[in-house]
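This report describes one protein chain, from its overall make-up to single residues. The sequence and the structure come first.

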Amino acid sequence: MERFPVVRAERLLSLTLMLRYRGRMTAPEIARELEVSVRTVLRDIEALSSAGIPVYAERGRDGGFALLPGFTTDLTGLTVDEATALLAASTSAAPATLGMAPAFAAAMRKVTVSLPEVQRAAATRASERILVTGSGWLAEPPYDPHLGLVQQAVFDDRRVRILYRPRDREPGWRTVDPLGLISAAGRWYLVALHRGAQRTYRLSRIVDVRKLDTPVRRPEGFDLAQVWQRRRADFRAELTTVTATVRVRCHRSAELAAGGISVGRIRDDGDGWQRVDIEFGGAAHAGALMWQLGDDAELLSPSALRDEIRARAEQLAVRHGSSAPDRTIVGEPARRPPDGR
């Protein structure tokens with residue numbers, strides 16, 4: 001029963017913004033924009049007038065409803081770039097993942113109708129040419145079934161009891177004070193207090209979660225962004241990194257930085273090849289990247305890392321050297337993604 005007043009309040013705000021930034025509009029135009037009947041529009045106009053919003057009607061062929069000149073609202077000052085950024089963000093999976101898709105869509109409608117016609121057209125046109133998605137050609141973004149309940153606990157400042165599975169141990173129960181959620185590189189992390197110490201938990205390792213009625217003890221001045229930057233810096237400091245020189249085809253070298261690889265000096269090597277200095281997080285990281293680049297790259301130095309990667313490749317070749325047992329797979333062959341990717 002509480003939803004209907006909320007829906008109408010949102011519609012009245014949208015109507016006010018439309019009249020404020022678009023000027024005079026007819027009842028049928030408003031009805032089409034808000035996806036309601038003309039009779040509903042007339043009732044909403046009457047409600048706005050009763051609430052003190054200076055809306056008036058103009059009769060005749062070119063008539064309609066308008067606001068008195070000089071009336072202002074709080075939602076002002078958005079540039080085309082700012083509106084484009086907001087509208088492009090609506091293509092992301094994040095609002096849906098958090099269970100906020102309806103609220104986000106309503107907010108985007110208000111932002112859109114608040115813009116003057118020229119800015120609204122430019123921002124909408126730009127946003128229609130951008131798609132942000134967490135899925136790839138084959139892989140889907142990771143799904144965390146407990147994200148909704150954890151998010152609710154974070155918003156409500158309530159403790160949770162989680163059954164957490166560390167990397168090399170059996171799952172165990174622990175009671176934590178959730179402080180914030182972080183989405184990084186497609187994965188969700190929970191920052192929480194456990195026995196007075198700040199911890200970071202990957203949501204994909206939470207086996208079960210139970211929300212408690214106990215309020216969270218939130219530290220004064222807690223800053224989620226600063227916590228993440230500090231945790232990330234600490235992790236990188238503990239990581240055993242190695243800088244290597246890789247010979248790579250020119251058309252693939254641009255993909256390295258775009259893929260989040262730490263790229264240093266780049267030198268032309270001739271014949272369509274370049275030498276690139278890359279910072280790896282160890283032999284496993286280097287091996288994974290070299291496997292991905294295939295014949296388009298060769299690790300030149302240091303020799304110890306080159307030898308380790310060669311040894312890994314030889315072990316892989318030995319394991320796959322003999323014929324595998326015959327396993328008939330029923331179904332159509334795997335399809336290549338569009339454009340040969």
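In which helix does Leu 17 lie? Leu 17 lies in helix α1, residues 3-22; helices (H or I, at least four residues) and strands (E, at least two) are DSSP runs, numbered from the N terminus.

The model is predicted, so local features need pLDDT of at least 70 and side-chain atom pairs count only at pLDDT 80 or more, while totals for chains, interfaces and linings use all residues. Residues are numbered from 1 along each chain as its sequence is written, and side-chain values use heavy atoms, with hydrogens and water left out.

**The chain as a whole**

The chain holds twelve helices and eleven strands. Of its 341 residues, 32% are buried; buried means under 20% relative accessible area, exposed over 50%, and partly exposed in between (1.4 Å probe, protein chains only). About 22,400 Å² of the chain is exposed, and carbon and sulfur atoms supply 51% of that area (Shrake-Rupley method, 1.4 Å probe). Among contacts (heavy atoms within 4.5 Å) between residues at least 6 apart in sequence, 60% join residues at least 24 apart.

**Two buried leucines**

Leu 17 is buried, at 2% relative accessibility. Its C-alpha atom is 10.0 Å from that of Leu 67, which is 50 residues away along the chain.

Leu 179, in strand β4 (residues 172-184), is also buried, with a relative accessible area of 2%. Leu 179 and Phe 222 are 43 residues apart in sequence, with their C-alpha atoms 8.3 Å apart. Leaving aside neighbours within four places in sequence, Leu 179 is in contact with Val 154, Val 191, Ala 192, Leu 193, Val 216, Arg 218, Pro 219 and Phe 222.

**The largest nonpolar core**

A nonpolar core is a set of buried Ala, Val, Leu, Ile, Met, Phe, Trp, Tyr and Cys residues joined through side-chain atoms within 4.5 Å. The largest one has 17 residues, and those touching the most other members are Val 246, Leu 256, Ile 278, Phe 280, Leu 289, Leu 299 and Leu 305. Two or more residues each come from β8 (242-249), β10 (273-280), α11 (283-293), β11 (297-301) and α12 (303-319). The largest share, five residues, is that of α11. Not counting residues up to four places away in sequence, Leu 305 touches Val 242, Ala 244, Phe 280, Ala 283, Ala 286 and Leu 299.

**The α2 and α3 helices**

The axes of α2 (residues 27-34) and α3 (residues 38-50) come within 8 Å and cross at roughly 100°; axes are lines fitted to C-alpha atoms over the stretch in contact, with angles from 0 to 180 degrees between N-to-C directions. The two helices are therefore roughly perpendicular, a term that covers 65 to 115 degrees. Ala 27, Pro 28, Ile 30 and Ala 31 of α2 meet Val 38, Val 41 and Leu 42 of α3. By class, this contact has seven nonpolar, no polar and no charged residues (Ala, Val, Leu, Ile, Met, Phe, Trp, Tyr, Cys and Pro count as nonpolar, Asp, Glu, Lys and Arg as charged, the others, Gly among them, as polar).

**Backbone exceptions**

Most residues other than glycine have a negative phi, and most peptide bonds are trans. Two aspartates have positive phi values, as tabulated.

| Residue | Phi | Loop | Relative accessible area |
|---|---|---|---|
| Asp 157 | near 55° | between α8 (147-156) and β3 (158-164) | 32%, partly exposed |
| Asp 271 | about 60° | between β9 (262-270) and β10 | 78%, exposed |

The peptide bond from Ser 301 to Pro 302 is cis, with omega near 5°. Pro 302 lies in the loop between β11 and α12.

How values were computed: Parallel < 35°, antiparallel > 145°, perpendicular 65-115°, else oblique.
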